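Have the model open in a viewer and follow the selections below in order.

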Amino acid sequence: MIDSKMPKQKRTVAQAAKLFLLTCLCLLALPVQAERIREIANFAGVRDNVLVGYGLVVGLDGTGDQTMQAPFTGQSLTNMLSQLGITVPPGTNMQLRNVAAVMVTADLPPFSRPGQRLDINVSSIGNARSLRGGTLLMTPLKGADGDTYAIAQGNMLVGGSGAAAGGAQVQVNQLAGGRIPGGAMVEREVPLDLGANAGLLELELKQADFGTAQLVVNAINNEFGRPVAAARDGRVIALDGPMNPNSRVNFMAQVENIRITRREAPAKVIFNARTGSVVMNSAVTLRRAAVAHGNLSIVIDTRFLVSQPNPFGQGETVVVPDTQIEIQEQDAYLRVVEGADLVDVVNALNALGATPSDLMSILEALKASGSLLADLEII
């Protein structure tokens, strides 16, 4: 129960801690859910392929590249016009403000066929202020092998907006990039023949784990009533599938929908150094340890005073800095921390009253002392 006589800030912290503990208790009370194999594994070869291309966006309302600072835009336009039978005299300085050089990216899904439409992202690489209202000209999209797999073209869809007048400028969201839904058409498919090697298929776990691989193998063999699966390592599982393509598709669909209950993940604490977030899973435990935590703050206050000479003196008026340094250190006492489950760990760490940044240092020290039974990972 929270004391009503506590200061408002402390009551707020206590209420937040209580709410977090209740949430943890609710999560721990939830039953373990079985997962389908398709959620934890993929068939080898069934994946997206990234595409990239360089193109031009035209039709901008004076917000395109400044060709003096982005000469490649003018060069690209000259090359494109020459392919269309238009010759630009050498040395011509085209001051075009309605053209922008862009990079176009897309993901080519597995089993894509010529004629299929893809969504594309368009991003400026010059100094264009906005791509709103522009049209992307025909742009080849190439894969990692350098071959062209799709052709992109269409009108830009930019989610941002902005306005400028008299030196003042207002902008909402990003204007130098946008999307074109269905803006690319597949021209070439990626060769993929599943089960071409005597019907042999490979199932790859998204996270390598020997225990999960064993569970998947047992679940698949129990489902089909015969040994059709065998683990090669902690990630890859070999499957003996049918030779007939239609039967193979039915076999893969049946495998993907098999449900398993995975074992508890290894204890891990994640530090996000950019945001100061600390996340730990339910397997984290603490051996008995004593921790002292206190904050040290140094305040430097400088005031500038004016020193004036006597009215009839020969001195000069000068500014004299007056610097005061104050060191403040909060009281810190040894506290015993120990936790057999996540709720106990949270209770022990909350008792220290540490900020997330301090908590990173405390957990690192507990790990070094052997008290924290978890792996530390910084992202």
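Start with E39, which counts as partly exposed at 41% relative accessibility. Keep in mind throughout that this is a predicted model. Now add R36: the two side chains, R36 and E39, form a salt bridge with an N to O distance of 3.7 Å. R36 is also partly exposed, at 25% relative accessibility. The count of salt bridges comes to six.

For another of these pairs, select R188 and D147, whose side chains meet at 3.1 Å, N to O. R188 sits in the loop between β10 and β11, and D147 in the loop between β6 and β7, so this salt bridge ties together parts that are 41 residues apart in sequence.

Next, select E202 and R232, a salt bridge in which the closest N and O atoms are 2.3 Å apart. E202 belongs to strand β11 and R232 to the loop between β12 and β13, so the parts tied together here are 30 residues apart in sequence. R232 is partly exposed, with a relative accessible area of 48%.

Finally, select helix α4, residues 245-256. From first C-alpha to last, α4 reaches 17 Å, close to the expected 16 Å. Which residues of α4 are buried? They are R248, F251, M252 and V255. These four cover an arc of only 95 degrees around the axis, which puts them on the same side of α4. Show β2, β11, α3 and β13 as well, because the buried residues of α4 pack against them. Turn to the face away from the buried side to find the exposed residues N246 and V249. At the start of α4, a side-chain oxygen of N244 comes within 3.0 Å of the backbone nitrogen of N246.

Key: Residues numbered from 1 in each chain as written. Predicted model: local features only at pLDDT ≥ 70, side-chain atom pairs only at ≥ 80, totals over all residues. Heavy atoms only, no water. Helix = DSSP H or I, 4+ residues; strand = E, 2+ residues; numbered from the N terminus. Expected span 1.5 Å × (residues − 1). Buried < 20%, exposed > 50% of the residue type's maximum accessible area, 1.4 Å probe, protein only. Arc of directions from axis to C-beta. Contact = heavy atoms within 4.5 Å. Polar contact = N/O pair within 3.5 Å; in protein donor to acceptor, adjacent residues only side chain to side chain. Salt bridge = Lys/Arg side-chain N within 4 Å of Asp/Glu carboxyl O.
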